[in-house]
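I opened my notebook to look through a protein model, one topic at a time. Come along and check each entry against the structure as you read.

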Amino acid sequence: MTETKPPTPTPGGTYEGWLFKWTNYIKGYQRRWFVLSNGLLSYYRTKAEMGHTCRGTINLATANIAVEDSCNFVISNGGAQTYHLKASTEVERQRWITALELAKAKAVHMQAESDDSGDEFPGVPPSSEPSGGGRSSEIQSALRTLSSKAEDLSTCNDLIVKHGSALQRSLFELEEMDAGADMGDKFRQVTERATLFRITSNAMINACQDFLSLAHSHSKRWQKALQTERDQRIRLEETLEQLAKQHNNLERAFRGATVLASSCSNPNLSNKGGSGNRDASDEEDDSEFFDAMEDPAEFITVPADPKYHRRSGSNVGSLINDIGMDDQSVNFDEVSLASNSESTRSLELEPVRQRRTRIPDKPNYYLNLWSIMKNCIGKELSKIPMPVNFSEPISMLQRLSEDLEYYDLLDKGAKCQNSLEQMCYVAAFTVSSYSTTVHRTGKPFNPLLGETFELDRLRECGYRSLCEQVSHHPPAAAHHAFSEKGWLLRQEITLASKFRGKYLSITPLGAIECIFDKSNNRYSWKKVTTTIHNIIFGKLWIDQSGEIDMVNHKTGDHCHLKFAPYSHFSRDVQRKVTGVVTDKDGKAHYVLSGTWDEKMEFSRIMQSSKGENGTEGRQKTVYQTLKAKEIWRKNPLPEGAENMYYFSSLALTLNEPEEGVAPTDSRRRPDQRLMEDGQWDEANAEKQRLEEKQRMVRREREREAVIAASSPEEAETQETGIEASQVIDESTHQDNHQALWFEKINDPVSKETLHVYKGGYWEAKDHGTWDMCPDIF
């Protein structure tokens, strides 16, 4: 680690720098930013966290500092807190030891002075009780002392009035006396009364000084007591946080033990831990889990009889006939069904464009989500004005295009001659689209009406993709992608989202279709529900739950996928997905299993039977299968992805500036570009401008629609404006906007109403003619 030379430690000064702190046996030493100030040693995960999140603080006045070896040292305050620290070099460690010892000596000295200052006034006995009752007694005693001093002041005031009146009377009588009278007695009387007045005045002055001194000292003590109360509250909050972390650690240990026992009992299950990719650090895991009842599996898989692996050619043929397969080329040996022997098409001589692999790091802006969301409970997410602080620098159209990250699954599916095996690849492609969401808690930008996004990967990957925002209320996006490998993907997605306080649920509405040119197999399905947990408190995390029914409209084959909801009471693997592929007669042929954030496997079913009744009287089906084959595995995230919104390699390239795209392309959106560059304040201002511009265009479109629907006489009076009663309510109005590159049809096969690509975009790009594109930015 290369660092600039830190300043020389000085007594009472602030000293800060990087140290390595021991966290646990899993992660070992982790790099943290430490700050030494006013006798307190605090640490943060990064230097940028100093403004809002302190990970821990230890008071050096009561701490012991011990040196272990050349670079390691330990700070402990008697057992409650112990920091095992390590410096990068021995010189750096010595600088820290010197700074800590100086700060400790000053803290002890200041504490002694504070205690001595409280004992200077015997009228207020110091309280040794740390409880609220001891402090209350101390305050009552101080009030009694001040009251006594106030009574002394009142007595002195009475005496001054009395003796002052007598002195004035004596002086008056002295002036009235004749010169021949006895002056000695009168002078003596005046002198005595003047002396009494002086003594009383001095007593009054002393009493005032004592009162002011006591009031000043007790004011300081009460300020100190108030600060102590604040410190105790902070310590209580830290203790509460530590208890919550210990509770999570216990839950994690329990889940780990139960998942280990479950995985040992079934070798076909993944060894993945119950917490998935969650952070295991004792100081960083603030997750709060969403409870769900464990739903028992609907089927059980067991290894098939070994005789199925040693069949002769004639037996294989008879087995195929028994199963009812029309593909005579299916191999039941150990060779993976996922492999394909066809040669890849030749590469073009023209070099492929190098895409970017990094974007600017995400700035550390703090904003309270609850302060914005508390007034939006039960509302549609699309109608909540959200700042860019909760977004990621891509639009919903680009997020939709991310479904093509694992396009190779459809390429392999296009080569399959067996429709059931082909459905396995389509199902794996469906599951893979959720793998990019596991860490992606940021909200994509809501596309403007008419906004588009193209993903041209024809030379690199053999496919092209186009998305367009075809409706604003309700928000809907149409997507069309085709490949030279012989497949077409189209979908229209409308998001129905509800905020429920503790969590946010997002349900995609609309159908997805995949069509293969060679076989003309046509598959359709719908997406599952996405839930974002810990909106109010804790670390945000995402779960996918629900069921997907996929159908091949040509052959009648079906695939039922089940996304199990997360539950820390379950002994099964978390984020689990299971599925069964059946033919039109309901006979099962393949079993799929895995997790939506890591990998999927599929197995050929050799035999099925009804097993014993499970919970709630359900009878589970037992499938005897061949050895499972991996069909899909998630690509690793790029280096430093945690600082780049956890974008995948494909996501990093989506907002990369590109020549020749349409003027309505998401890459040209200014607020999104400003956010990616780290200029969030400017991005928020630009976002408000674009939204207001879209509202003005919408009002104008509604005005034209009302005029067009009116009689000529009414239209003449409405040319200058529309009455408020004639404005269409945004909550119920369906956009009359006509999409530029898509048209709405009623699909006779899937019985769905959706927007399909009508052509013309790529031709317009080739000719550079974008005159028909609206000005939306």
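**Entry 1: Salt bridges**

I began with Glu658 and Arg667, and I found that both are buried. This is a predicted model, so I keep that in mind for every entry. The side chains of Glu658 and Arg667 meet in a salt bridge, 3.8 Å from N to O. I then followed the partners onward: salt bridges that share partners join Arg353, Arg355, Glu460, Glu656, Glu658, Asp665 and Arg667 into one network.

Next I looked up another link in this network. Arg353 and Glu658 meet through their side chains in a salt bridge of 3.7 Å, N to O. The pair links distant parts of the chain, 305 residues apart. Arg353 is in the loop between helix H4 (313-323) and helix H5 (369-373), and Glu658 is in the loop between helix H9 (649-654) and helix H10 (670-676). Are these two buried or partly exposed? Arg353 has 32% relative accessibility and counts as partly exposed, whereas Glu658, at 16%, counts as buried because the cut-off for buried is under 20%.

I also noted a salt bridge between Arg440 and Glu402, with the closest N and O atoms 2.7 Å apart. Arg440 lies in the loop between H8 and S10 and Glu402 in the loop between helix H6 (396-401) and H7, so this pair ties together parts that are 38 residues apart in sequence. Arg440 is buried, and Glu402 is buried too. For the whole model, I wrote down a count of 37 salt bridges. A reminder to myself: side chains of opposite charge can pair when their charged atoms come close.

**Entry 2: Leu654 and its neighbours**

I stayed with helix H9, where Leu654 is found. How accessible is Leu654? Its relative accessibility is 0%, so Leu654 counts as buried. Leaving out residues up to four places away in sequence, I listed what Leu654 touches: Gln398, Glu402, Phe453, Leu455 and Arg667. Two of these names, Glu402 and Arg667, I had already met in salt bridges. I checked Phe453 further: Leu654 and Phe453 are 201 residues apart in sequence, and their C-alpha atoms are 9.1 Å apart in space.

**Entry 3: Helix H7**

I went through helix H7 (residues 408-415) and found Leu409, Leu410, Asp411, Gly413 and Ala414 buried. What do the buried residues of H7 pack against? I found H8, strand S13 (475-483), strand S14 (487-499), strand S16 (512-516) and strand S25 (629-633).

**Entry 4: Aromatic rings**

My search of the whole structure gave 20 aromatic pairs. The rings of Trp22 and Tyr25 have centres 5.3 Å apart and planes at 80°, so I logged the pair as edge-to-face. Trp22 is partly exposed, with a relative accessible area of 29%, while Tyr25 is exposed at 82%.

I put Tyr434 and Phe563 beside them: the ring centres are 5.3 Å apart and the planes are at 70°, so this pair is edge-to-face. Tyr434 lies in the loop between helix H8 (419-432) and strand S10 (443-445), and Phe563 in strand S20, so the pair ties together parts that are 129 residues apart in sequence. Both Tyr434 and Phe563 are buried. Tyr434 has a charged visitor as well: the charged end of Lys527 sits over its ring, 5.3 Å from the centre. Elsewhere, the charged end of Lys86 sits over the ring of Phe20, 6.0 Å from its centre. I also marked one aromatic cluster, formed by Trp741, Tyr761, Trp762 and Trp770.

**Entry 5: Cysteines**

How many disulfides does the structure hold? I found 0. Why does Cys416 lack a bond to Cys424? The sulfur of Cys424 is the closest cysteine sulfur to that of Cys416, but at 8.5 Å it is too far for a bond. Cys416 counts as buried, at 11% relative accessibility. Cys559 is in no disulfide, and the nearest cysteine sulfur, that of Cys424, is 6.9 Å away. Cys559 is buried, with a relative accessible area of 2%.

**Entry 6: Arg575**

I finished with Arg575, in the loop between strand S20 (558-563) and strand S21 (576-582). Arg575 is buried, with a relative accessible area of 5%. Its side chain has a polar contact of 3.4 Å with the side chain of Asp597.

Definitions and conventions: Residues numbered from 1 in each chain as written. Heavy atoms only, no water. Helix = DSSP H or I, 4+ residues; strand = E, 2+ residues; numbered from the N terminus. Buried < 20%, exposed > 50% of the residue type's maximum accessible area, 1.4 Å probe, protein only. Polar contact = N/O pair within 3.5 Å; in protein donor to acceptor, adjacent residues only side chain to side chain. Phe/Tyr/Trp six-rings, centres within 6.5 Å; stacked < 30°, edge-to-face > 60°. Lys NZ or Arg CZ within 6 Å of the ring centre and 35° of its normal. Contact = heavy atoms within 4.5 Å. Disulfide = S-S within 2.5 Å. Salt bridge = Lys/Arg side-chain N within 4 Å of Asp/Glu carboxyl O.
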